[in-house]
Amino acid sequence: MKFLREYTKEGLDGKQVLLRVDYNVAFLEQEGKKVISDDYRITSSFESIDYLLANKAKIIILAHFGDPMGIDPALTLEQIYTRLKEKYHDLEFARSFEELGEKFKENKPLILFENIRFFEGEKENSDDFAKKLASFGSLYINDAFGVSHRANASVVAITKCLTSIAGIQMEKELVNLGKVLNNVTHPFVCVVGGAKIGTKVLLINNLLSRADTILVGSGIACPLLRAQGHATGKTIFEAIDENEIKLLFESHKILLPQDLVLKTDKGPTPIKATDLNTISNQEYVILDVGEETIREYTKYIEGAKTIVWNGPLGLFEDPNFKRGSEMIARAIATSHAFKIVGGGETVSLVHDLGLAEKFDFVSTGGGAMISYLSGGKLPGIEALK
Ligand code: 3PG
């Protein structure tokens with residue numbers, strides 16, 4: 001695999017580059033306006049862009065947003081363009097291939113192309129679509145680790161058409177996640193939360209052979225608590241296969257919350273997991289881990305030499321159910337372990353708490369980080385080899 005940092009001015013001067021990034025950021029409503037809630041995925045592309053501009057390359061940025069079926073005005077990259085233009089005043093926005101063609105002929109140094117998933121062929125990994133894209137460049141750079149688990153045309157098929165290399169953020173992802181994948185220092189503790197266990201079972205299963213302890217929280221703890229015979233009230237969660245659950249428990253590496261915080265009609269209510277069955281109306285939702293769990297998980301975190309964290313331990317957006325995630329974030333941040341955090345919500349929380357600097361690495365990958373650490377080969381990365 002070749003890396004952008006190996007290229008000097010000689011190789012880049014005047015080159016037309018297609019730079020694939022992951023700008024699939026979360027938005028929130030603020031005073032009736034949609035604002036970017038965490039721009040880490042955007043800022044982490046700056047190093048590659050700056051490097052290319054400093055070496056006089058011309059750049060067309062390719063990115064997706066959401067998962068549109070055709071053109072969807074709600075998913076335009078217009079707002080990303082506004083954010084990027086604050087830093088790159090010369091940035092142009094091309095809404096269609098026609099506009100891209102015009103700006104390309106005018107030799108514009110930096111162009112952001114509209115949501116690449118608006119175009120037929122992208123999600124199908126079409127060779128024809130990749131060829132069309134490739135006609136606008138002579139070098140392709142993948143700096144989009146976060147979407148490299150998708151076989152899309154601007155991630156995979158395009159590598160058949162152009163010399164293809166890894167960008168600076170991609171290189172950092174491979175180096176840092178590679179330390180966990182290939183050469184981990186023990187004790188290795190994983191903290192896995194978030195709502196969807198389906199996507200995390202693979203990660204947990206793969207980590208079972210290498211991690212010493214897996215601390216589980218949030219929605220993904222629920223099917224496991226249920227399997228242990230505890231009630232879970234009205235909490236909505238994904239079911240998982242009984243055999244998978246059996247394997248997880250047989251490993252003796254999974255720790256489940258011993259106490260929880262429930263949302264009830266009387267407000268947030270702490271409770272021991274063993275008391276969940278005693279609640280008569282079952283009209284509650286489990287939304288956070290409790291104090292005893294925070295204390296126990298913290299002990300494991302303090303003893304760890306490597307920590308990977310993916311997924312909050314509760315509904316941290318609600319101040320009533322933020323404490324578990326916040327205390328675990330603080331415990332990880334102060335530990336002396338090699339520590340990595342990933343996943344959109346988790347990274348956003350870490351930024352909100354001002355703790356990002358304390359981590360050895362903040363991954364831009366959500367699903368991609370999970371797939372990569374699960375030992376899976378990511379199509380976008382394989383295509384660069
Ligand atoms: C992500 O947000 O994880 C990546 O941008 C990939 O997005 P996708 O799940 O819509 O393919």
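1. In this predicted model, Cys190 stands opposite Val308 in strand 15. This places the discussion at strand 9, which pairs with strand 15 in the parallel sense over 5 bridges. Strand 9 also pairs with strand 10, again in the parallel sense, here over 4 bridges. Two of the residue pairs joining strand 9 to strand 10 may be named: Val189 has Thr213 as its bridge partner, and Val191 has Leu215.

2. The burial of strand 9 merits a separate remark. The strand is mostly covered, with 5 of its 5 residues buried. Phe188, Cys190 and Val192 point one way from the strand, while Val189 and Val191 point the other way, and all are buried.

3. Strands 9, 10 and 15 belong to an open sheet of 6 strands, in which the order is 11-10-9-15-16-17 and the pairing is parallel. Strand 11 (254-255) and strand 17 (361-362) stand at the edges with a single partner strand each, so one side of each has no neighbour in the sheet.

4. Helix 11 comprises residues 291-303, 13 residues in total, and reaches 19 Å from its first C-alpha to its last, close to the 18 Å expected at 1.5 Å a residue. Its buried residues are Thr293, Ile294, Tyr297 and Ile301. These residues lie on the same side of helix 11, because they cover an arc of only 95° around the axis. The elements that cover them include strand 9, strand 10, strand 12 (259-264), strand 14 (285-289), strand 15 (306-310) and helix 12 (323-334).

5. Helix 8, residues 197-208, has Ile197, Lys200, Val201, Leu203, Ile204 and Leu207 buried. A lysine is thus among the buried residues of this helix. The packing partners of these residues are strand 9 (188-192), strand 10 (213-216), helix 9 (222-227), helix 10 (242-250) and helix 14 (367-373). Strands 9 and 10 therefore recur in two lists: they pack against the buried residues of helix 8, and they are included in what covers the buried residues of helix 11.6. A second group of parallel strands involves strand 7 (residues 139-142). Strand 1 (residues 16-20) pairs with strand 7 in the parallel sense over 4 bridges, and the bridge partner of Leu18 in strand 7 is Tyr140. Strand 7 is also joined by 4 bridges to strand 8 (residues 163-166), with which it runs parallel. Here Ile141 has Ile165 of strand 8 as its bridge partner.

7. Both faces of strand 7 are covered. Leu139 and Ile141 are buried on one side, and Tyr140 and Asn142 are buried on the other.

8. Arg95 is found in the loop between strand 5 (92-94) and helix 5 (97-105). Arg95 counts as partly exposed because 16 C-beta neighbours lie inside 10 Å, whereas a buried residue would need 20 or more. The C-alpha atom of Arg95 is separated by 8.9 Å from that of Glu78, a residue 17 positions away along the chain.

9. The ligand is surrounded by Asp22, Asn24, Asp67, Gly146, Val147, Arg150, Gly366 and Gly367. By class, this shell has 1 nonpolar, 4 polar and 3 charged residues.

Notes
Residues numbered from 1 in each chain as written. Predicted model: local features only at pLDDT ≥ 70, side-chain atom pairs only at ≥ 80, totals over all residues. Near = placed C-beta within 6 Å. Nonpolar A, V, L, I, M, F, W, Y, C, P; charged D, E, K, R; others polar. Buried ≥ 20, exposed ≤ 12 C-beta atoms within 10 Å, placed from the backbone. Pairing = 2+ DSSP bridges. Contact = placed C-beta atoms within 7 Å. Expected span 1.5 Å × (residues − 1). Arc of directions from axis to C-beta.
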